[in-house]
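Let's take a friendly walk through one protein model, stopping at a few residues and helices along the way. Keep the 3D view open and follow along.

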Amino acid sequence: MVNVPGRSKGCVTCRKRKIKCDESYPACSQCLKMGLNCPGARTGAFFVHALPESTSTKSIAKRVPIDLTAPSMASEAHLWSYDQYLAPRLPSYHQPCRADLFDQLFVSHFIESFGFKESTANRTSSTWLDKLAFFITSPYPPLVKNSIRAGSMFFYGSLVDDVSICIEANKWYLKALHGLRCLLSLQTGVFTGDIICSAVMLAHFETTAGTSGEAWFQHVQGAARMLESGGLASCRDGFLHQLFRHLRLLTFTAALFKSQQHVFSSQDWLRIPFEVHSKTAFDEFVDILLSLLPCLSVASEMIDSADERADQLKTKLTKLVGALMSQLHVWWTKCICSTNFIEANAVQWMGTSRDGFQDLYGDPEHFPLIPYVDMPTASLAALFHAVNVIILRLSFVVSPTANLYENRIQRHVKSILLAKDFVATFPSPASSRGSVMVGLPLKIISIWSPPEMGLSAEDLLPGLDGQNEDNGSYSISSRELFGDVASYILQRYNPGVPA
């Protein structure tokens, strides 16, 4: 009998308790409220095999064709077909939890969104992402599993445009959030790697879902404080070192949006966590990003200071801007000589003399561009160009000849727009992640470019795949992204847009 009227499709737990099941995926709300294990409701066609009472158990059962449809997780059905099935009676059947069944699917797509398709053995170093599949299948506390499930499930649901998956991901997010709050209320001191990973995954959930304008920042800042509580030495090796490397970029983004400084930009945090493992090109670039925060903070303080104090801060800003410009072009020159600059070890980069700086970097007509071959290079290059836009704008405050940089600034802006177009057409889950990552450079150029260029955030972000102004991660106010400094420079120095 197929789909017999009155035959419940509810989960096994609810049927045993003889209560109505709302048949939610991957666990029904009744089981969630009671804290019970829920294997999930049955979906698709199911079959009941029965024999008449008069039929002997030795008789051959009636031949019943079976056509089972598995739950569709990618908006397309996968069909399991059996021509004929002969059995006197089906034994009692315990359905597995479908969330467990598809966790690896969700996690694999989440990892691929970072641009890592190859195995760990083929990469130059392991990353924190390699640990996710282990956490989700190991007997770790529910907090880490729920957070990984929420972040990876929502990403997948957004990728395939499946509202039901996103709704279930929200339920797991709320469970993980409740668990994290309970843990924080009880625990103080040093936190383990799985707990810090939970906060990072909740931050990635908010990056995609954008349910709250402040939630993303709170998760990132909370994870950073957990790492900080363990001390510098704890971030030198192992899983905490990998998490630290990843979290530094998120921390910079959060601090930039909040127009704040961060302890990760101090010299100790730039040096000690890398005493065991040397920095890659990516790590060197994040050093530059974190060093940008003191420049912007000094510029902001200078604007609000009186004459004598302003002069002192201008002198300090001149040194910081000069040092950062030097770091930027040295890093860039190394990168264009490397075939895999994102994970290349810094000591293995090809060195170069600064003698050719004006020929290579100063002339906008000869400014070299990184060829966009994948999402990581495109998104990282876009962020590099955005940092150049900021630092070159800051040079207007400290250099009388800064107007000569305007053509170079426009080249950086155009490169960011090219990266946005490339990421939008990249055919993989990485395009969704890349769209999020390119969102920050687009916000930067919308704020740090003169109004006559017409680069408003409203015009730029709708071009991103899956991004919109409701995404709390990218909501803008006049004080975010050091917008007060950008406004001061653009109004006071009135840079012209070249014809």
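Gly193 is a residue of helix α7. This is a predicted model, so every value below comes from computation on it. Is Gly193 buried or exposed? Its relative accessible area is 16%, and because buried means under 20%, Gly193 counts as buried.

Which residues does Gly193 touch, if we leave aside its neighbours within four places in sequence? The contacts of Gly193 are Phe239, Leu240 and Leu243. Gln242 is also worth finding in the view: 49 residues separate Gly193 and Gln242 in sequence, while their C-alpha atoms are 9.9 Å apart in space.

**How α7 packs against α5**

Two packed helices are described by the angle between their axes and the distance between the axes. For helix α5 (residues 142-159) and helix α7 (residues 193-209), the angle is about 20° and the axes are 8 Å apart. Angles under 35 degrees count as roughly parallel, and α5 and α7 are therefore roughly parallel to each other. Their crossing is left-handed.

Which residues meet where these helices pack? On the α5 side they include Leu143, Val144, Ile148, Phe154 and Phe155. On the α7 side, Ile195, Met201, Leu202 and Phe205 are among them. Sorted by class, the contact of α5 with α7 has 11 nonpolar, six polar and one charged residues.

**Salt bridges**

Side chains of opposite charge can pair when their charged atoms come close. How many salt bridges does a search of the whole structure find? The search finds 12. Three of the salt bridges are listed here, each with the distance between its closest N and O atoms.

| Salt bridge | Closest N and O atoms |
|---|---|
| Asp103 with Arg149 | 2.6 Å |
| Arg248 with Asp287 | 2.7 Å |
| Lys279 with Asp287 | 2.3 Å |

Look at the salt bridge of Asp103 with Arg149. Asp103 sits in helix α3 (residues 98-112) and Arg149 in helix α5, so the pair ties together parts that are 46 residues apart in sequence. Asp103 has 3% relative accessibility and counts as buried. Arg149 counts as buried too, at 6% relative accessibility.

Now turn to Arg248, whose salt bridge partner is Asp287. This pair links distant parts of the chain, with Arg248 in helix α9 (residues 238-257) and Asp287 in helix α11 (residues 281-303), 39 residues apart. Arg248 is at 0% relative accessibility and counts as buried, and Asp287 is buried with a relative accessible area of 10%.

Asp287 also forms a salt bridge with Lys279. At 16% relative accessibility, Lys279 counts as buried. Elsewhere in the view, you can look for a network: Arg236, Asp268, Arg271 and Glu275 are joined into one by salt bridges that share partners.

**A residue in a loop**

Where is Pro451 placed? Pro451 belongs to the loop between α16 (430-447) and α17 (457-460). Is Pro451 buried or exposed? Exposed means over 50% relative accessible area, and Pro451, at 69% relative accessibility, therefore counts as exposed. To finish, find Gln491: its C-alpha atom and that of Pro451 are separated by 10.0 Å, although the two residues are 40 residues apart along the chain.

Terms used: Residues numbered from 1 in each chain as written. Predicted model: local features only at pLDDT ≥ 70, side-chain atom pairs only at ≥ 80, totals over all residues. Heavy atoms only, no water. Axes fitted to C-alpha atoms, helices over the stretch in contact; angles between N-to-C directions. Helix = DSSP H or I, 4+ residues; strand = E, 2+ residues; numbered from the N terminus. Parallel < 35°, antiparallel > 145°, perpendicular 65-115°, else oblique. Left-handed = near helix turned anticlockwise from the far one by under 90°. Contact = heavy atoms within 4.5 Å. Nonpolar A, V, L, I, M, F, W, Y, C, P; charged D, E, K, R; others polar. Buried < 20%, exposed > 50% of the residue type's maximum accessible area, 1.4 Å probe, protein only. Salt bridge = Lys/Arg side-chain N within 4 Å of Asp/Glu carboxyl O.
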